[in-house]
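Here's a walk through one structure, with the numbers kept close at hand. Have the chain open in your viewer and follow along.

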Amino acid sequence: MHHAPLQNAAEPPETEAPVVLSMQDIHHAYGRHTAVAGIDLTVHQGEVVCLLGPSGCGKTTLLRIVAGLEVLQRGHVAVNGRALGRPHVPPEHRNVGLAFQESALFPHLSVLENVTFGLESLPARRRRERARELLALLGMERHAASYPHTLSGGQQQRVALARALAPEPGLMLLDEPFSSLDARLRDRIRDDTLHVLKKLGAGALLVTHDPEEAMFMADRIALMRDGHIVQMGTPRELYCEPADPFVVTFFDTVNELFGEVRDGRVATPVGEVAAPKLAEGEWARVMIRPEALRVEALTTPPAPTHSHVVMAKLLGRTSLLHICAHGAGGREAHLHARVPGVFLPEEGQPVSIRLDPSQVFVFAAGTSPAHGEA
Ligand code: ATP
């Protein structure tokens, strides 16, 4: 399918858009094990919200609570203003569409019949029209008469999405719906799904452990760890204004340097970094994204000890440079720099390094446990 690019896909929705999902103070335990605690979350009409986080952080549990597949233990859940928790409203009466990683189609029904299945409330003709509309949106109209076993995994996933969207649910719940597909196919189906969700204007809650998928799909991301939301915001907010080191490292492997705060700054081998939120004398953790290092080849090294290239690798769209950085006072560090395009200097090439401060983050060292460190 070909579409015009979505405008402002990453912007939050108009604040006045109605709330389709509201979750307040959700706690859930399996026996003695607390899976999620103190979760507050809203999804507005037309908004895609991603639950992002490492395996076991509680994403699926939250989705299952909204779907009605888990009985609400504590807190409030409402879809389109209707409370669903007490008494428990069963999944089929919640007006939510479900799409999971392995969404099984009915093997004895054709593609068209699979999609019309949930539309009993419509007259038969309208039912078929609606199913064909959805199949067309997902590029599967030609396969309406086929049976599931004759389709590829990606085609089956498209049909499953069409089936979930056909009844016009107020809210779509998607749990890693693309993860069983290979990379190319996943990109296409992801793109098509985003366009269909935006076209239909449904609210959506999508579970993923893949930060790139979350950035691609989401208007807002709730980044989770150990059953809690660590930070909730637009992809830009999480990437550019991370609340703690975990948020930084979840999106990318970064360079980490440590130093003491002196006059509001931390000295590093690649220059001084402002640390306005830290106290004088405090030990600081400086996190530098590889793209924050601006590297230029030098013909004449400025000093006998200069920064130089250790290794350069082409990764495709970017080149990765391993650099030995030398700073004032004999400080030295091994750093990774990511440079757009093909930039493959020789080993030993002297370089100058400048920092883009917008992709450098400073935290008090030791305050937050680090995950997935460089
Ligand atoms: P993944 O990405 O691996 O699916 P997740 O973030 O979706 O992980 P959940 O599936 O919600 O995480 O699980 C949260 C925690 O609750 C985990 O520690 C998990 O082992 C536990 N858990 C989940 N389901 C059950 C269950 N039915 N019984 C007992 N413990 C469970």
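What follows goes from the ligand shell to the sheets, then the helices and the odd backbone spots.

A word on the ground rules first. This is a predicted model, so local features need pLDDT of at least 70 and side-chain atom pairs count only at pLDDT 80 or more, while totals for chains, interfaces and linings use all residues. Residues are numbered from 1 along each chain as its sequence is written. Helices (H or I, at least four residues) and strands (E, at least two) are DSSP runs, numbered from the N terminus.

**Around the ligand**

A residue is taken as near the ligand if its C-beta atom, placed from the backbone, lies within 6 Å of it. By that rule the shell holds Y30, H33, A35, G53, S55, G56, C57, G58, K59, T60, T61 and H209. Two elements, β2 (33–44) and α1 (59–67), each give two or more residues to that shell. The biggest giver is α1, with three residues. Sorted by type, the shell has three nonpolar residues, eight polar ones and one charged one. For that split, Ala, Val, Leu, Ile, Met, Phe, Trp, Tyr, Cys and Pro count as nonpolar, Asp, Glu, Lys and Arg as charged, and the others, Gly among them, as polar.

How much of α1 is covered? Mostly covered is the verdict, with eight of its nine residues buried. Buried here means 20 or more other C-beta atoms within 10 Å of a residue's own; exposed means 12 or fewer, partly exposed is in between, and the C-beta atoms are placed from the backbone. The buried residues of α1 are K59, T60, T61, L62, L63, I65, V66 and A67. Right after the helix comes G68, which has a positive phi near 90°.

**Strands and hairpins**

Besides lending residues to the ligand shell, β2 belongs to an open sheet of four strands, ordered β2-β1-β4-β5 with antiparallel pairing. Its edge strands are β2 and β5, each of which pairs on one side only. Pairing means that DSSP finds at least two bridges between two strands. β4 (residues 74–79) and β5 are antiparallel and share two bridges, and A78 sits opposite A83 in β5.

Further along the chain, β17 has partners in β16 and in β18. The two antiparallel pairings and their turns look like this:

| Pair | Bridges | Residues between | Turn glycine, phi |
|---|---|---|---|
| β16 (308–314) and β17 | six bridges | three residues | G316, about 120° |
| β17 (318–326) and β18 (332–340) | nine bridges | five residues | G329, about 70° |

Both pairs are hairpins, β16 with β17 and β17 with β18. L320 is a handy landmark in β17: K313 stands opposite it, and its bridge partner in β18 is R338. I323 is bridged to L335 in β18.

**Two helices side by side**

How do α4 and α5 lie relative to each other? α4 (153–165) packs against α5 (residues 183–200) at an angle of about 15°, with the axes 11 Å apart. The axes are lines fitted to C-alpha atoms over the stretch in contact, and angles run from 0 to 180 degrees between N-to-C directions. The two helices are therefore roughly parallel; angles under 35 degrees count as roughly parallel, over 145 as roughly antiparallel, 65 to 115 as roughly perpendicular and the rest as oblique. The crossing is right-handed, meaning that the near helix is turned clockwise from the far one by less than a right angle.

**Backbone oddities**

Most residues other than glycine have a negative phi, and most peptide bonds are trans. A few spots here are worth a click with that in mind.

Where does P87 sit? P87 is in the loop between β5 (82–83) and β6 (96–100), and a cis peptide bond with omega about 0° joins R86 to P87.

E168 has a positive phi near 50° without being a glycine. That residue lies in the loop between α4 and β7 (171–175), and E168 is partly exposed because 13 other C-beta atoms lie within 10 Å.

D226, also not a glycine, has a positive phi of about 50° and is found in the loop between β9 (220–225) and β10 (228–233). D226 has 16 C-beta neighbours inside 10 Å, so it counts as partly exposed. In β9 you'll find R225, which is partly exposed too, with 19 C-beta neighbours inside 10 Å. The C-alpha atoms of R225 and A145 are separated by 44 Å, with the two residues 80 apart along the chain.
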